[in-house]
Structure formats: C-alpha cells, structure tokens
Amino acid sequence: MMRSVLITGCSSGIGYHAAHTLAKRGWQVFATCRKADDCARLRSEGLTSLVLDYTDHATIHAALAQILDTTGGTLDAVFNNGAFAIPGATEDLPTDALRSIFETNLFGWHELTRAVLPVMRAQGHGRILQNSSVLGLAGLKWRGAYVATKFALEGLSDVLRLELAGTGIHVVLIEPGPVTSRIRENSIPHFERWIDWENSARAQHYRDSLLARLYDKTHPDFFELPPDAVTRRVIAGLESRRPRARYYVTTPTYILGGLRRVLPTRLLDLVLGKL
C-alpha cells in the first residue's frame with residue numbers, strides 16, 4: 001500500500017520541497033498550507049493540498065478528517081513544519097507576542113500530534129517528524145521568541161519519544177541551521193506588529209544591524225544550504241527502519257550542538273555572544 005504523510009507549512013521552503021520530493025518517491029502526500037490560494041497553487045502542481053492553520057482548531061481537525069476519509073482511516077506519518085519568527089530583543093517582546101508564536105510553533109503542533117496519535121496507535125505504527133532548529137540546541141541573540149518555541153519543542157518531543165517507546169510510533173527531531181526559505185521575509189509582518197524598536201533601549205542596534213539583516217538581505221547566510229538538505233533527513237526519518245531521535249542539518253548545527261555538549265556555560269556564552 002502507498003505510504004501516507006501529512007506535511008504542514010508547504011507553501012514554500014522546506015515543506016514545499018519535501019512535499020514534491022516525497023510525492024515523486026511514491027508517498028501519498030497531503031501538503032497543507034494556511035492560505036487557500038497556496039493550496040490551490042500546490043494542487044495545480046499535482047499535489048493533494050488542504051488548508052491547515054495551526055491557530056485555527058477547526059482547520060486542524062477538518063484537514064485530518066478529510067485525509068483519513070481519503071486513506072480509509074490510516075496515516076503513516078506527520079511532518080510538523082509550519083512556523084514563523086519574531087526577530088527582536090527579548091526585552092522588547094510583548095507577552096502577547098510570545099503567546100502568538102507559541103500558538104503556531106508549538107501548541108498547534110501538539111494539537112495535530114494528539115489528534116493523529118489514536119490513528120497511529122490503532123494501526124500499530126507511525127512517524128512523527130518535528131522540524132526543530134539549531135536554535136532548539138543553542139540560543140542566539142535577537143531570536144528569543146523563536147528560540148523559546150524550539151527549546152520547548154525539543155523537550156516536548158523528547159518526552160513524547162520516551163512515552164511512545166514500544167508502540168511502533170517513532171518521534172524524530174530534524175534540526176536545521178540556515179536553510180534557504182522565506183522565514184526572514186515572513187517574519188517582517190510579525191516584527192512590525194510587535195516590536196516597537198524605535199523606543200527600545202536597543203534602538204541603535206536595530207539601526208546598525210538588525211534592520212538591514214531583516215529588510216536588505218541579498219546574500220545567503222554562512223553555511224546556508226538549500227531545502228533539499230533537510231528533505232534528505234526527512235526521508236531518512238520516514239524510511240529508515242530504526243530512525244534516529246535527531247538529525248542534524250548544516251554545519252552550524254553540528255558545531256553548536258558539539259559546543260553545547262563540551263563547553264561550560266560561561267565559555268559557550270562567549271562564543272554565542274559573538275554570533
């Protein structure tokens with residue numbers, strides 16, 4: 001039987017590439033997006049695409065119900081991928097901004113995962129892939145909101161993996177560093193909504209660095225890789241008989257993951273403070 005996978009955040013970047021690649025490999029792919037227009041575009045490209053917005057509970061359950069109706073009640077895998085960032089100094093983040101990013105980057109993932117688990121338990125197998133980040137391993141300045149969601153995701157996924165041991169359901173963390181995507185571009189509306197940078201104690205830093213990085217990026221980041229680097233790890237997580245708990249992607253993930261293991265906090269802070 002054709003294996004089935006639900007992928008979120010497929011309008012561009014990692015989700016888009018993974019959806020097309022897995023479909024070519026023979027997977028029955030259900031590629032979801034927040035916006036109906038993006039779903040229509042993906043359907044025109046030959047994918048099965050549904051609306052799923054992590055902040056809209058009805059779309060989560062409606063999409064899953066439609067998928068299960070299509071497959072006859074089974075689903076082999078979920079790749080939680082959709083997320084956004086709110087750049088800015090942590091002291092400038094309103095608490096409601098944190099609530100909004102956690103709703104999308106963590107709570108929605110958890111709701112979808114909980115909805116899928118009874119299906120996977122009944123069939124006796126499943127894969128839950130979580131697209132985390134190098135920023136789930138080590139925090140970097142001006143990324144506090146995104147870092148907080150990814151650290152939380154790492155912990156929640158670790159516990160879920162322990163609790164599902166022996167069920168045939170595997171929980172896999174994908175941990176990319178810089179990957180070509182629209183996450184910076186997509187973060188601009190959130191930055192403009194939430195960050196009052198002109199009245200910040202850090203206003204000069206915004207002028208000297210962050211604004212240019214946010215609005216005027218013309219070159220790839222150091223060590224930036226295209227989305228296919230992530231897709232290769234997704235394929236391994238889905239198709240390996242015994243998938244790893246974690247798959248690192250990009251050189252910075254290997255470097256920072258290693259430094260976090262071997263350096264005391266004070267030395268690690270010196271390194272991270274220069275990035």
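This report describes the nonpolar cores, selected buried loop residues, salt bridges and one surface patch of a predicted model.

Residues are numbered from 1 along each chain as its sequence is written, and side-chain values use heavy atoms, with hydrogens and water left out. Because the model is predicted, local features need pLDDT of at least 70 and side-chain atom pairs count only at pLDDT 80 or more, while totals for chains, interfaces and linings use all residues.

**Nonpolar cores**

A nonpolar core is taken here as a set of buried Ala, Val, Leu, Ile, Met, Phe, Trp, Tyr and Cys residues joined through side-chain atoms within 4.5 Å; buried means under 20% relative accessible area, exposed over 50%, and partly exposed in between, with a 1.4 Å probe and protein chains only. The largest such core has 45 residues, and those with the most contacts inside it are Leu75, Ile86, Leu112, Ile195 and Tyr206. Two or more residues are given to this core by each of several elements, including helix H3 (57–71), helix H5 (144–163) and strand E6 (169–176), and H4 gives the most, with eleven residues. Helices (H or I, at least four residues) and strands (E, at least two) are DSSP runs numbered from the N terminus. A second, separate core of 27 residues includes Ala18, Ala31, Val234 and Leu238.

Contact means heavy atoms within 4.5 Å. Apart from neighbours within four places in sequence, Tyr206 is in contact with residues including Gly88, Asp92, Phe191 and Ile195.

**Loop residues**

Thr8 is placed in the loop between strand E1 (4–7) and helix H1 (13–24), and at 1% relative accessibility Thr8 counts as buried. The side chain of Thr8 reaches the backbone nitrogen of Asn81 at 2.8 Å, and a polar atom of the same side chain lies 3.1 Å from the backbone nitrogen of Gly82. With neighbours within four places in sequence left aside, the contacts of Thr8 include Thr32, Tyr54, Phe79 and Leu112.

Trp142, in the loop between strand E5 (126–131) and H5, has a phi near 70 degrees, a positive value in a residue other than glycine; at 16% relative accessibility, Trp142 counts as buried. Thr250 has a positive phi of about 85 degrees although it is not a glycine, and Thr250 is found in the loop between strand E7 (246–249) and helix H9 (251–262). Thr250 is buried, with a relative accessible area of 5%.

**Salt bridges**

A salt bridge is a side-chain nitrogen of Lys or Arg within 4 Å of a carboxyl oxygen of Asp or Glu, and by this rule the count comes to 13. Among them are these pairs:

| Pair | Closest N to O distance |
|---|---|
| Arg246 and Glu175 | 3.0 Å |
| Arg182 and Glu185 | 3.1 Å |
| Arg213 and Asp221 | 3.3 Å |

Arg246 lies in strand E7 and Glu175 in strand E6, so this pair ties together parts that are 71 residues apart in sequence. Arg246 is partly exposed, with a relative accessible area of 25%, whereas Glu175 counts as buried at 0% relative accessibility. Both residues belong to a network of salt bridges that links Glu154, Asp158, Arg161, Glu175 and Arg246.

**Surface patch**

Phe222, Phe223 and Ile255 make a nonpolar surface patch of about 380 Å², and Phe223 is found in the loop between helix H7 (203–215) and helix H8 (228–239). Patches are made of residues with over 30% relative accessible area and no salt bridge, with like charges joined within 9 Å and nonpolar side chains (Val, Leu, Ile, Met, Phe, Trp, Tyr) within 5 Å; accessible areas come from the Shrake-Rupley method with a 1.4 Å probe, and for residues only the protein chains shown count as cover.

Key. Polar contact = N/O pair within 3.5 Å; in protein donor to acceptor, adjacent residues only side chain to side chain.
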